[in-house]
Protein chains: 2
Amino acid sequence: MNWLYSRKLKMKERILTGDRPTGPLHLGHFVGSLQQRVTLQHSHDQTILVADLQALTDNGQNPQKISDNILNVVADYLAVGIDPEKTTICLQSALPALSELTMYYSNLVSIARLERNPTVKNEIHYRGFGKTIPAGFLTYPISQAADITAFRATQVPVGDDQLPMIEQTNEIVRRFNSVVHDQVLCECRAMLSHFPRLPGIDGKAKMSKSLGTAISLGATANEIRKAVKAMYTDPNHLRIDDPGQTEGNVVFTYLDAFHPDKTFVEELKAHYRRGGLGDGKTKQILEDCLQSMLDPIRAERERLLADKAMLIEVLRAGTEKANTVSQGVLLDVKRALGIALF
Amino acid sequence: MNWLYSRKLKMKERILTGDRPTGPLHLGHFVGSLQQRVTLQHSHDQTILVADLQALTDNGQNPQKISDNILNVVADYLAVGIDPEKTTICLQSALPALSELTMYYSNLVSIARLERNPTVKNEIHYRGFGKTIPAGFLTYPISQAADITAFRATQVPVGDDQLPMIEQTNEIVRRFNSVVHDQVLCECRAMLSHFPRLPGIDGKAKMSKSLGTAISLGATANEIRKAVKAMYTDPNHLRIDDPGQTEGNVVFTYLDAFHPDKTFVEELKAHYRRGGLGDGKTKQILEDCLQSMLDPIRAERERLLADKAMLIEVLRAGTEKANTVSQGVLLDVKRALGIALF
């Protein structure tokens with residue numbers, strides 16, 4: 001490896017991202033993050049965390065939901081083209097440094113500060129927690145700061161609703177560095193997703209597996225067909241000849257997101273708006289598009305899930321690499337605190 | 001080793017105890033716990049945690065105070081006769097399982113429950129925290145539950161003000177076992193200290209190093225002399241001939257705690273009560289008693305602290321043993337949660 005090349009390698013931006021394994025990943029993940037990761041893995045030093053610890057913070061009473069989905073998520077990653085040779089795929093609970101860093105950072109963040117976090121506030125409301133919020137859930141932004149800093153991530157792909165998490169992480173970084181009078185941890189920047197969040201098939205803000213408004217990457221041909229049939233369009237578009245709305249019409253939102261021929265989609269929209277194009281037709285076009293996109297992913301996913309030992313080995317090897325990196329950061333932190341005695 | 005003997009060993013009660021390394025240990029620790037530990041190490045499977053992680057929960061801004069005192073505390077242990085061959089002395093921050101267990105347990109305890117903990121409430125008040133309480137401090141009862149369960153402790157020596165900690169631990173144990181439908185963790189019992197808390201030399205409830213009302217185990221002869229001279233007695237005992245109060249008179253409290261000849265102390269008390277015994281005399285008796293008790297401890301402490309490498313090795317070896325035990329419990333917990341994939 002020549003000098004220039006190795007220098008370039010060292011200057012690669014480091015990305016940390018991940019998913020809570022609460023269910024198989026779906027089209028919302030695909031368009032919001034998975035596709036981006038497949039691209040970024042060529043240019044960036046990318047680590048993906050299967051965030052089982054974080055998933056347990058609001059599934060403490062139902063750990064099986066999490067354990068059942070760890071390998072599903074790994075299969076989803078590989079099936080969409082995330083390459084474990086290029087991306088470090090690792091299991092959060094198998095990285096002790098993440099828990100240990102969380103403990104140290106917890107002493108630098110007040111309960112009041114956590115309660116002010118807008119993302120957490122929203123989620124508390126969304127999940128119906130009151131004061132019964134588990135300690136692990138209120139404090140998960142601290143755990144996220146541990147994840148990000150443990151890999152010295154310089155960039156973190158997030159939606160704009162997660163910007164407070166980045167802010168909280170950088171606050172901890174500055175607080176820690178100031179306490180130990182040294183630049184031990186590094187700050188990160190948000191990498192904002194260029195694609196807006198994909199709505200559920202009912203047109204609501206978010207795809208939700210539990211509400212049945214998500215199309216998972218492993219959906220059968222029949223499930224895809226049914227989901228597209230049930231899709232929310234323009235409720236005022238009663239007859240084919242009527243002009244129709246494409247804004248807020250989920251079929252067109254999905255066509256924008258997934259159809260490879262953008263010109264064709266624009267022509268279709270124009271036709272729909274002036275009237276004469278029925279929902280049956282547009283839905284058929286979308287279904288064909290999704291079927292041909294998901295068909296090979298589903299097949300690959302099934303092939304991968306038939307060999308659990310291989311999936312475990314991929315995760316183990318990635319976790320081993322991730323352990324080396326995160327233990328290094330932990331050691332820096334403990335040295336700075338003066339407690340790395342042996 | 002014959003079968004009966006080995007069986008007896010296995011049935012030993014397991015004790016977990018420890019100290020926050022916020023300063024050198026003092027006479028309050030000596031009478032409240034250290035002497036008990038020296039005795040218990042012969043009959044019990046005893047683990048002592050140098051609780052640096054816990055000490056950082058309210059010293060997050062000043063980690064050096066903690067790092068500076070870790071080896072002091074180890075030297076204190078050895079100087080009073082705690083034998084690292086009989087007792088496992090280990091460093092909390094070097095036991096990753098403790099942080100990891102804390103993460104899992106955090107999902108089973110609500111913020112409201114933590115805020116109701118009477119011990120934490122008192123300490124928040126005592127330390128002047130309001131809502132600015134660090135997350136790590138509010139949640140330290142969860143971390144204590146991790147410590148206790150990580151060693152499958154059956155008995156935990158505590159003062160009666162710490163009973164809520166035992167209750168919280170057992171709540172977590174029952175909650176966890178119920179979630180995973182298995183008896184993975186075991187409950188513990190409080191071992192109440194038979195000796196009441198030693199007051200400070202000013203007669204206030206608690207010895208405090210920061211207020212200068214504690215006599216540390218490494219105090220110089222001159223420091224001991226000055227501390228005894230400054231000791232609170234009976235403010236109404238103005239002339240030697242006056243009858244004096246022995247209740248609340250710190251000199252007698254300390255004589256009760258430390259003088260080897262109980263009959264002599266009782267006679268002294270009777271004399272003081274009927275009058276004719278001056279504070280100068282009783283203080284001299286106490287000073288002689290403390291000097292002769294602390295003289296060899298101070299010498300041993302100095303000898304030990306001159307060889308830091310040896311102290312570190314004692315702590316490292318104990319921590320290695322403790323790691324084996326605590327990693328075993330962690331593995332049981334992760335298996336029960338279904339996330340021990342490799």
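## Exercises on a predicted model

In this predicted model, the 40 positive and 39 negative charges of chain A have mean positions 3 Å apart.

**Exercise 1.** Determine how many helices and strands chain A holds, and why chain A counts as compact as a globular protein of its length.

*Solution.* Begin with the elements: chain A contains 16 helices and five strands. Next, take the radius of gyration, which is 22 Å. For 342 residues the globule rule gives 20 Å; the two values are close, so chain A is as compact as a globular protein of that length. Finally, along the principal axes, the C-alpha atoms occupy a box of roughly 75 × 50 × 40 Å.

**Exercise 2.** Describe the burial, the contacts and the exposed surface of chain A.

*Solution.* First, 56% of the 342 residues of chain A count as buried. Secondly, consider contacts between residues at least 6 apart in sequence: 77% of these join residues at least 24 apart. Thirdly, chain A exposes about 15200 Å², of which 52% comes from carbon and sulfur atoms.

**Exercise 3.** Locate A:His181, examine its phi, and decide whether the residue is buried or exposed.

*Solution.* A:His181 is found in the loop that runs between α11 (163-180) and β5 (189-192) of chain A. Its phi is positive, about 55°, although the residue is not a glycine. Most residues other than glycine have a negative phi. The relative accessibility of A:His181 is 71%; exposed means over 50%, so A:His181 counts as exposed.

**Exercise 4.** Carry out the corresponding analysis for B:His181.

*Solution.* B:His181 belongs to the loop between α11 (163-180) and β5 (189-192) of chain B. The phi of B:His181 is positive, near 55°. With 72% relative accessibility, B:His181 counts as exposed.

Methods: Residues numbered from 1 in each chain as written. Chains lettered and ligands numbered in written order. Predicted model: local features only at pLDDT ≥ 70, side-chain atom pairs only at ≥ 80, totals over all residues. Heavy atoms only, no water. Helix = DSSP H or I, 4+ residues; strand = E, 2+ residues; numbered from the N terminus. Rg over C-alpha atoms; globule rule 2.2 N^0.38 Å. Buried < 20%, exposed > 50% of the residue type's maximum accessible area, 1.4 Å probe, protein only. Contact = heavy atoms within 4.5 Å. Areas by Shrake-Rupley, 256 points an atom, 1.4 Å probe, with all protein chains shown as cover. Lys, Arg positive; Asp, Glu negative; His and termini not counted. Charge placed at Lys NZ, Arg CZ, Asp CG, Glu CD.
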